[in-house]
Amino acid sequence: MTHSLFRYALLGTFTLVAPGCDGVGEDERGSEVAPPTVTAELPEGAEALSLLGEPLYPATQSGEAQAANQANLDAALADLAASPGDADALIWVGRRHGYLGHYQAAIGVFSEGHEWHPDDPRFLRHRGHRFLSTRRLDLAIADLQQASAMIEDREDEVEPDGQPNRLGIPLSTLHFNIWYHLGLAHYLSGDFELAHAAYRECHGVSRNDDSRVAASYWLYLILRRLGRDAEADEVLAEVSDNLEIIENTAYRDLLLLFKGELRPEDLLSEGDDALQNTTVAYGVGAWYAVNGDTEQAGQIWDRILETGPAFAFGYIAAEAEVARMDPSEGP
């Protein structure tokens, strides 16, 4: 076990082959389902195949960011070497690989950690996250559903930030992140009923305004797509520009757009924060879509796919939308 563990942690060069899919279809509830995963070995250097079948490579980081992330990984590996098999040490090695774009290595570490600690839901929570990053949506759902069952009688806990916000205050919890990522996996798969159930749980365990606006954002879009517009309007009732937001300004601003207090042109910009911009751009496209302007939505989503970053959730959501709009482009 230890030999295998350090092979994954140190090298991160193995290839995982995901189960196959038959393209876009409908499940037994009649929900439209985007391609859940991809069957193919990855080209050299690629970390995933997109939902449209294209190989995806890690984004180039600035020299400073690359050096800092590598130093953090080296420190995490040193901690693991000092305490082989320690749950926290394993989790940090996996997380630090992820921040460097080593998503397959991160999955390997979390898989090993789950073998060492099968009763610790954190490994399934983090592996499910990275299965989302690598577009293996069915595997993400399986992990996160199992994790959600494991926390049923477990007290919630704050999750430390690997990339702290401007105030250095961790905002999310284990329960929140399990429900958040499970809801997103269902949303990306096109199962909006199950996505709604997960995000209701997510909202229920939210401890602060940052968490609440994140859950509310997805709840609003899901309810609109389910045709439950009155319930969607109820979600917006608690939203205002007076919320105490530390990091989720994109979600707050999008909710204000949905509420009619901002316009699309107020949000779309060419700023420096690529992750925030991708989140906002997807949300604006989704707003156009739920209001019947699928042409404008498609143009925005196409622009996201042209500019990246390819492993941001907004990018993956745009991919899923384009795959649903034109199934022939899927794998």
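**Exercise 1. Determine how far helix H11 is covered, and identify the residues involved.**

Solution. Helix H11, residues 249-259, is mostly covered, since 8 of its 11 residues are buried. The structure is a predicted model. The buried residues of H11 are Ala 250, Tyr 251, Arg 252, Leu 254, Leu 255, Leu 256, Leu 257 and Phe 258. Just after H11, Gly 260 adopts a positive phi of about 90°.

**Exercise 2. Place Phe 258 within the nonpolar cores of the model.**

Solution. Step one concerns the core itself. The largest nonpolar core has 77 residues. Phe 258 is listed with Tyr 180, Tyr 217, Trp 218, Tyr 282 and Trp 301 as having the most contacts inside this core.

Step two concerns the neighbours. With residues up to four places away in sequence not counted, Phe 258 touches Tyr 217, Tyr 220, Leu 221, Leu 236, Gly 283 and Trp 287. A second, separate core of 14 residues includes Leu 80, Val 93, Leu 100 and Phe 123. In soluble globular proteins, nonpolar side chains tend to be buried together.

**Exercise 3. Test the length of helix H2 against its expected span, then establish where its buried residues lie.**

Solution. Helix H2 covers residues 63-82. At 1.5 Å a residue, its 20 residues should span 28 Å, and the end C-alpha atoms are 29 Å apart, which agrees.

Next, the buried residues of H2 are Asn 69, Leu 73, Ala 76, Leu 77 and Leu 80. Viewed down the axis of H2, these buried residues fall within an arc of 100°, so they line one face of the helix. On the other side of H2, the exposed residues are Gly 63, Glu 64 and Ala 82.

**Exercise 4. Apply the length test to helix H8, and state what covers its buried residues.**

Solution. For the 13 residues of H8 (residues 192-204), 1.5 Å a residue gives an expected span of 18 Å; the end C-alpha atoms are 18 Å apart, which agrees.

The buried residues of H8 are Phe 192, Ala 195, His 196, Ala 198, Tyr 199 and Cys 202. Their cover includes helix H7 (174-189), helix H9 (209-225) and helix H15 (313-325).

Arg 200 also lies in H8. With a relative accessible area of 37%, Arg 200 is partly exposed, because that class runs between the limits of 20% and 50%. Leaving aside neighbours within four places in sequence, Arg 200 is in contact with Leu 219, Leu 223, Glu 231 and Val 235. The C-alpha atoms of Arg 200 and Gly 183 are 9.0 Å apart in space, with their positions 17 residues apart in sequence.

**Exercise 5. Describe the packing of helices H3 and H5, and the surroundings of Arg 95.**

Solution. Two packed helices are described by the angle between their axes and the distance between the axes. For H3 (residues 87-99) and H5 (residues 121-133), the angle is about 10° and the axes are 11 Å apart. H3 is therefore roughly parallel to H5, as angles under 35 degrees count as roughly parallel. From H3, the contact involves Ala 87, Asp 88, Leu 90, Ile 91, Arg 95, Gly 98 and Tyr 99; from H5, it involves Arg 122, Phe 123, His 126 and Arg 130.

Arg 95 of H3 is buried, with a relative accessible area of 11%. Residues up to four places away in sequence being excluded, Arg 95 touches Phe 110, His 126, Pro 160, Asp 161 and Gly 162. The C-alpha atoms of Arg 95 and Val 109 are separated by 9.1 Å, the two residues being 14 apart along the chain.

**Exercise 6. Characterise the backbone at Arg 135 and at Pro 309.**

Solution. Most residues other than glycine have a negative phi, and most peptide bonds are trans. Arg 135, a residue other than glycine, has a positive phi near 70°. Arg 135 is found in the loop between H5 and helix H6 (137-150), and it is buried, with a relative accessible area of 0%.

Gly 308 and Pro 309 are joined by a cis peptide bond, with omega about 0°. Pro 309 is located in the loop between helix H14 (294-307) and H15.

**Exercise 7. Classify Asp 143 as buried or exposed, and list its contacts.**

Solution. Asp 143 lies in helix H6. At 5% relative accessibility, Asp 143 counts as buried. Apart from neighbours within four places in sequence, Asp 143 is in contact with Leu 124, Arg 127, Gly 128 and Phe 131.

Methods: Residues are numbered from 1 along each chain as its sequence is written. This is a predicted model: local features need pLDDT of at least 70, side-chain atom pairs count only at pLDDT 80 or more; totals for chains, interfaces and linings use all residues. Side-chain values use heavy atoms; hydrogens and water are left out. A nonpolar core is a set of buried Ala, Val, Leu, Ile, Met, Phe, Trp, Tyr and Cys residues joined through side-chain atoms within 4.5 Å. Buried means under 20% relative accessible area, exposed over 50%, partly exposed in between (1.4 Å probe, protein chains only). Contact means heavy atoms within 4.5 Å. Helices (H or I, at least four residues) and strands (E, at least two) are DSSP runs, numbered from the N terminus. The expected span of a helix is 1.5 Å times one less than its number of residues. The arc is that of the directions from the helix axis to the C-beta atoms. Axes are lines fitted to C-alpha atoms, for helices over the stretch in contact, and angles run from 0 to 180 degrees between N-to-C directions. Angles under 35 degrees count as roughly parallel, over 145 as roughly antiparallel, 65 to 115 as roughly perpendicular and the rest as oblique.
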